[in-house]
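Reader: Please give me a close look at the ligand and its surroundings, beginning with the backbone and taking in the division of the chain along the way. I would like one connected account, with the values stated carefully.

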Amino acid sequence: MHVFRLRGNFETLDIYSAALFELGARGLEEKPGEVWAYFPERIELPFPGEWQELPDTDWLEAYKRDLQPVRAGPFVVLAPWHTWEGPEKPIVIEPGMAFGTGHHETTRMALETLAERVEPGMRVLDLGTGSGILAIGAALLGAEALGIDIDPAVIPQAIENARRNQVKVQFQVGSLDEAYDPLAETAPQAPPAQPAPTPLVQGPFDLVVANLYAELHTYFAQKYRELFGICGTLILTGILAEREGIVKSALEAAGFGLLARRQEGEWVCLTYAA
Ligand code: SAM
């Protein structure tokens, strides 16, 4: 196992955590004065820090030992080895393989908002499902949930997590558009010789939840509209407070009305009426 050591703590390095997972980190651990990001292989990282090699078992054991259950609204997110006696609805997620263990503010705020908005029988789309946690939460609230992700590697993990929670959720590889990354525009790269087409998702949905990032929400604003019939609810998170403005402008231009806003630390979750 390879560990990338960054100076700081979870709070000061929070803005990097989603990017570290996107780039392949399997888990983050806070150490005195540092955050350790665990990777299956060394890669080029655009952050200041240094690499260190660890025996394969050390990181996993330490990570599991330190991982705590997380409460989010009526839910508690547990790892498979946790036990829980409280009144919360457990969501069991195998941590460290896909983003979505409940430990990130954005996942927690999305779960809390889902609990306020989902009604039994609703058709719910979780765009960028990762571990499947939000689709699983929606299904536990009685929704008919579909989780999609542009990354084929996360889909088997999401399916396994749904099985663990004994809920029926459909998962598939896909997006709202071809594999487009607005952040990559600043550093253009040669396109692959034969880009694989991204399967596109079809509405209508009663509720859509997307934990992505501000630029992607902005890019998808018009596409989000096409996911709904006459009305619906759109929950967007993964938004840094400093980038909230661009998301609000794009969503307003696409005809969405802001219903509610949450903020935890630097992260924002916006709920819109379609
Ligand atoms: N939904 C989980 C949660 O809330 O914890 C995971 C969210 S994680 C921050 C974002 C996920 O979106 C990743 O699994 C990533 O592969 C996926 N993703 C990124 N760009 C996407 C796109 N254009 N279309 C679909 N999924 C995308």
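Author: In this predicted model, Q166 sits in the loop that runs between α5 (155-164) and β10. The phi angle of Q166 is near 55°, which is a positive value in a residue other than glycine. A second backbone detail belongs to the loop between β10 (169-173) and β11 (205-211), where P204 has its place, and there the peptide bond joining G203 and P204 is cis, with omega at about 0°. Both details deserve a mention because most residues other than glycine have a negative phi, and most peptide bonds are trans.

As for the division of the chain, domain 1 covers 2-66 and domain 2 covers 97-273. Where the two domains meet, eight residues of domain 1 are in contact with eight residues of domain 2, and the area buried between them is about 640 Å², with carbon and sulfur atoms giving 56% of it.

Turning to the ligand itself, 20 residues lie around it, and those that come nearest are T107, G128, D149, S175 and N211. By character, the residues of this shell divide into eight nonpolar, eight polar and four charged. Among the elements that build the shell, β8 (123-127), α4 (133-140) and α6 (214-226) each contribute at least two residues.

Which atoms of T107, G128 and N211 face the ligand can be stated in turn. For T107, an N or O atom in the side chain is 2.7 Å from an oxygen atom of the ligand. G128 instead uses its backbone, with an N or O atom that lies 2.8 Å from a nitrogen atom of the ligand. N211 again offers its side chain, in which an N or O atom is 2.8 Å from an oxygen atom of the ligand. Of the 600 Å² that the ligand exposes when taken alone, the protein buries 93%.

Note on methods: Residues are numbered from 1 along each chain as its sequence is written. This is a predicted model: local features need pLDDT of at least 70, side-chain atom pairs count only at pLDDT 80 or more; totals for chains, interfaces and linings use all residues. Side-chain values use heavy atoms; hydrogens and water are left out. A residue is near a molecule or strand if one of its heavy atoms lies within 4 Å of it. A polar contact is a pair of N or O atoms within 3.5 Å; within protein, one must be able to donate a hydrogen and the other to accept it, and residues adjacent in sequence count only if both atoms are side-chain atoms. Accessible areas come from the Shrake-Rupley method with a 1.4 Å probe; for residues, only the protein chains shown count as cover. Helices (H or I, at least four residues) and strands (E, at least two) are DSSP runs, numbered from the N terminus. Ala, Val, Leu, Ile, Met, Phe, Trp, Tyr, Cys and Pro count as nonpolar, Asp, Glu, Lys and Arg as charged, and the others, Gly among them, as polar. Domain bounds come from an automatic or database domain assignment. Contact means heavy atoms within 4.5 Å. Buried area is the accessible area (1.4 Å probe) that two parts lose on being put together, summed over both.
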